[in-house]
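Colleague: Please take me closely through the interior of this predicted model, and start with whatever I should leave out of the reading.

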Amino acid sequence: RLAMLGSSPALVHHIPAHAVSGPESFWSSPPFTACGHVWTMRSGPIGASMGLKTGSNYFCFLPHGHTERLRCNLYFARLPGQGFKERRLHDWPVELAGHPWGVTLKPEEIERCRQADGSLLVMVHAIGLGAAG
């Protein structure tokens, strides 16, 4: 236990291919705990609710039963041997506490991160609460 003192939780999500394959493709993780609070991670196409087809996807966190703001890094795995794409989520504004907030990936970034079966693997490394500095 002492070896884990001060470490941050990490969680890996598997987003199925069908959930990142089109303008009507949305996904939500099961609830999980990070930094002592419950969250879900959600993804979907940007602008779909307005009929826009940007090709970009959002990956956001939704707080459940609280108004904390998660500060974390997301690591999108590429194919084995090709590394990963890192996106930092350190800028959740205080005025949007309690609302979803996250990052986006452009279509070409999503394609580089697709696994052999078309899915995405995303590791969430929670750092703390609130926006950085």
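Modeller: Residues 1-7 are the part to set aside: their pLDDT (the predictor's confidence in each residue, from 0 to 100) stays under 50, and the model gives them zero contacts (heavy atoms within 4.5 Å) beyond four places in sequence. Where pLDDT is low, the predicted coordinates should not be read in detail. Over the protein as a whole, the average pLDDT is 85, and 86% of the residues score at least 70.

Since this is a predicted model, local features are given only at pLDDT of at least 70 and side-chain atom pairs only at pLDDT 80 or more, whereas totals for chains, interfaces and linings use all residues. Residues are numbered from 1 along each chain as its sequence is written, and side-chain values use heavy atoms, with hydrogens and water left out.

The protein has one helix and nine strands, where helices (H or I, at least four residues) and strands (E, at least two) are DSSP runs numbered from the N terminus. In order from the N terminus the elements read β-β-β-β-β-β-β-β-α-β. Of its 133 residues, 38% are buried, where buried means under 20% relative accessible area, exposed over 50% and partly exposed in between, with a 1.4 Å probe and protein chains only. Among contacts with a separation of 6 or more, 58% join residues 24 or more positions apart.

The largest nonpolar core (a set of buried Ala, Val, Leu, Ile, Met, Phe, Trp, Tyr and Cys residues joined through side-chain atoms within 4.5 Å) has 24 residues, and those that touch the most other members are Ile 15, Met 41, Phe 59, Phe 61, Leu 70 and Leu 74. Two or more residues of this core come from each of strand 3, strand 4, strand 5 (57-64), strand 6 (70-77), strand 8 (101-105), helix 1 (107-113) and strand 9 (120-129). Leaving aside neighbours within four places in sequence, Leu 74 is in contact with residues that include Met 41, Phe 59, Phe 61, Val 103 and Val 122, and also with Lys 85, Glu 86 and Arg 87.

Val 122, in strand 9, counts as buried because its relative accessibility is 0%. Its contacts beyond four places in sequence include Leu 11, Val 12, His 13 and Ile 15, as well as Met 41, Leu 74, Tyr 75 and Phe 76. Val 122 and Asn 73 lie 49 residues apart in sequence, with their C-alpha atoms 10.0 Å apart in space.

His 13 and Met 41 also appear beside Ser 29, which touches His 13, Thr 40 and Met 41 when neighbours within four places are left aside. Ser 29 sits in the loop between strand 2 (27-28) and strand 3 (32-34), and it counts as buried because its relative accessibility is 4%.

A charged residue deserves separate attention: Arg 71 in strand 6 is buried yet has no salt bridge (a side-chain nitrogen of Lys or Arg within 4 Å of a carboxyl oxygen of Asp or Glu). The nearest side chain of opposite charge to Arg 71 is Glu 68, 8.8 Å away, with Lys and Arg counted as positive, Asp and Glu as negative, and His and the chain ends not counted. A polar atom of the Arg 71 side chain does, however, lie 2.9 Å from the backbone oxygen of Leu 129.

Methods
A polar contact is a pair of N or O atoms within 3.5 Å; within protein, one must be able to donate a hydrogen and the other to accept it, and residues adjacent in sequence count only if both atoms are side-chain atoms.
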